[in-house]
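Open the structure in your viewer and keep the selection tool ready. This tour tells you what to pick next and what is there.

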Amino acid sequence: MSSAASAPAPVPFNRSSTLGKELQNIAEALLGGQIAGDQVFTRRCQALLEHLTGSRQALLTTSCTHALEMAALLLNIGPGDEVVLPSFTFVSTANAFVLRGAKPVFADVRPDTFNLDEAQLEGLLTDRTKAVVPVHYAGVGCEMDPILAACRKRGVAVVEDNAHGLFGRYRGRPLGTFGALATQSFHETKNLTCGEGGALLVNDPAFSERAEILREKGTNRSQFFRGQVAKYTWVDVGSSYVMSDVLAAFLFGQLEQWERVQAKRKQLWDYYHLHLADWAATLGVRTPTVPKHCDQAYHMYYLVMPTLEQRQSLIQHLRDRGVLAVFHYQPLHLSEMGRRFGGKPGDCPVSEMAGDCLVRLPFFNDLSTADQARVVREVRSWSGR
Ligand SMILES: *Cc1c(COP(=O)(O)O)cnc(C)c1O
């Protein structure tokens, strides 16, 4: 009893919280009696996303994974096609294209930002390349100028996996507006959430009409409801990528609080950066790099330990003291599936190093000052071995 009482509750790695009118909105949606997709809260979320990003069209989806699948369908990706993406990313970045029969071509990432290394891109593009999928890791923009230039030269589409990057900017322009298509995630672990959810940003109007159709089971239902066609019928392939308005109601409550959320996350990020700088320098631990021309989205705070052993030791040290820190992506080219596409050790050395050495600290919207101070204290108490 006494020991249980004296041990403080663990600091989780992530926790979702309500920020504003989420519950009220859900009640309104339920009482309104229309909880399928594309109802009032979906429309509000989409309008707000369009306003905040400057994208032409935002379509809510059941997940970022599904938005990436929609991108692959829109680009008519098929067997024999190649899609270039970073090895250091979430599986969905690759899977969405592999599902259509494409071969993923793994690029390594830059050692400073862990973003797709633009210097390698030209060498990876072939006559078969249909798309390049940059991921703005930790919400810090990829080098979009050279990436867009290389893709434009060869007529290759760019799909931004912007799961981390909502509200981030590259040279002043919002992330998610550079590619013909971009995808957002509202998974529980992201800055704003509805548990599971996502969005497709359609920046190139050429994809607009078909995006609506693919998302609505291959029907022209959206056009029908706008009175643009007399009948609603099956016109193309498609699937069910529409988010329930109950989730959109929750999401709208979160989206409305975006400024407060981003300010809080900036404060959390700055606190870690300030209070771990001297400790990190002493032990040869690397802290995040944010280039001057990038406004980051404050998605996460990470440390890069000198070795795998030290990374595991720090995670264990923190766990023993009630602080949950986690490693991040295991490089895709070394995964069971990635090896089937020819991936082997040494192909992407920076991704391999990041997979071994990176550790993410607790980072969520209602992390208290006291808990964050405790995380810093416990990190600093690690001996270095
Ligand atoms: C979270 C994430 C996804 C997948 O998001 P879901 O909404 O869970 O499908 C895709 N790519 C990256 C980089 C992510 O971090």
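Two strands count as paired if DSSP finds at least two bridges between them. Keep that cut-off in mind for the first stop. One more thing before you start: this is a predicted model.

**Stop 1: strands S4 and S5**

Select strand S4, residues 129-132, together with S5. The two pair in the parallel sense, over two bridges. Now pick out Val132: its bridge partner in S5 is Val158.

Add helix H7, residues 144-154, to the selection. S4, H7 and S5 make a right-handed β-α-β unit.

Next, look at the loop between S4 and H7, where you will find Ala138. What is the sign of phi at Ala138? Phi is positive there, about 60°, although Ala138 is not a glycine. Is Ala138 buried or exposed? Its relative accessibility is 4%, and buried means under 20%, so Ala138 counts as buried.

**Stop 2: inside strand S5**

Keep only S5, residues 157-161, and show its side chains. How many of the residues of S5 are buried? Five of the five are, so S5 is largely enclosed by the rest of the structure.

Turn the strand and check where the side chains go. In a regular strand the side chains alternate between the two faces of the sheet. Here Ala157, Val159 and Asp161 point one way. Val158 and Glu160 point the other way. All of these residues are buried.

**Stop 3: strand S8**

Bring in strand S8, residues 181-185. Three bridges join S5 to S8, and the two strands run parallel. Find Glu160, then look across: Ala182 in S8 stands opposite.

Stay in S8 and select Gln184. Gln184 is buried, with a relative accessible area of 1%. Now add Glu256 and draw a distance between the two C-alpha atoms. Gln184 and Glu256 are 72 residues apart along the chain, and their C-alpha atoms are separated by 16 Å.

**Stop 4: strands S9 and S1**

Select strand S9, residues 198-202. S9 is mostly covered: five of its five residues are buried. Gly198, Leu200 and Val202 point one way from S9, while Ala199 and Leu201 point the other way.

Which way do S8 and S9 run relative to each other? They run antiparallel, joined by five bridges. Ala182, which you met opposite Glu160, also stands opposite Leu201 in S9.

Then add strand S1, residues 57-61. S1 and S9 are joined by five bridges and run antiparallel. Ala58 stands opposite Leu201 in S9.

**Stop 5: the largest pocket**

Hide the strands and show the surface. The largest pocket has a volume of about 650 Å³. Its lining holds 34 residues. To find the centre, select Thr89, Phe90, Val91, Ser92 and Tyr329, which lie nearest to it.

Now colour the elements that give two or more residues to this lining: helix H4 (64-74), helix H5 (91-98), strand S3 (103-107) and helix H13 (336-340). Which element gives the largest share? H5 does, with six residues.

Colour by class next. The lining of the largest pocket has 14 nonpolar, 16 polar and four charged residues. Then colour by domain: at least three lining residues come from each of domain 1 (22-255) and domain 2 (258-380).

**Stop 6: the second largest pocket**

Move to the second largest pocket, with a volume of about 340 Å³. It is lined by 14 residues. Select Asp38, Arg43, Ser222, Phe225 and Arg226, which are the closest to its centre.

Strand S1 from Stop 4 is one of the elements that give two or more residues to this lining. The others are helix H3 (40-53), helix H8 (208-215) and helix H9 (221-225). H9 gives the most, with three residues. By class, the lining of the second largest pocket has two nonpolar, five polar and seven charged residues.

**Stop 7: one last loop**

Finish in the loop between H4 and strand S2 (82-86), and select Asn76. Phi of Asn76 is near 55°, a positive value in a residue other than glycine.

Conventions: Residues numbered from 1 in each chain as written. Predicted model: local features only at pLDDT ≥ 70, side-chain atom pairs only at ≥ 80, totals over all residues. Heavy atoms only, no water. 1 Å grid on protein atoms, 1.4 Å probe; cavity = no way out; pocket = protein on both sides within 12 Å on 5 of 7 lines; lining within 4 Å. Points joined across faces, edges and corners; volume = space filled by probe spheres on them. Helix = DSSP H or I, 4+ residues; strand = E, 2+ residues; numbered from the N terminus. Nonpolar A, V, L, I, M, F, W, Y, C, P; charged D, E, K, R; others polar. Domains from an automatic or database assignment. Buried < 20%, exposed > 50% of the residue type's maximum accessible area, 1.4 Å probe, protein only. Right-handed = clockwise from strand over helix to strand, strands pointing away.
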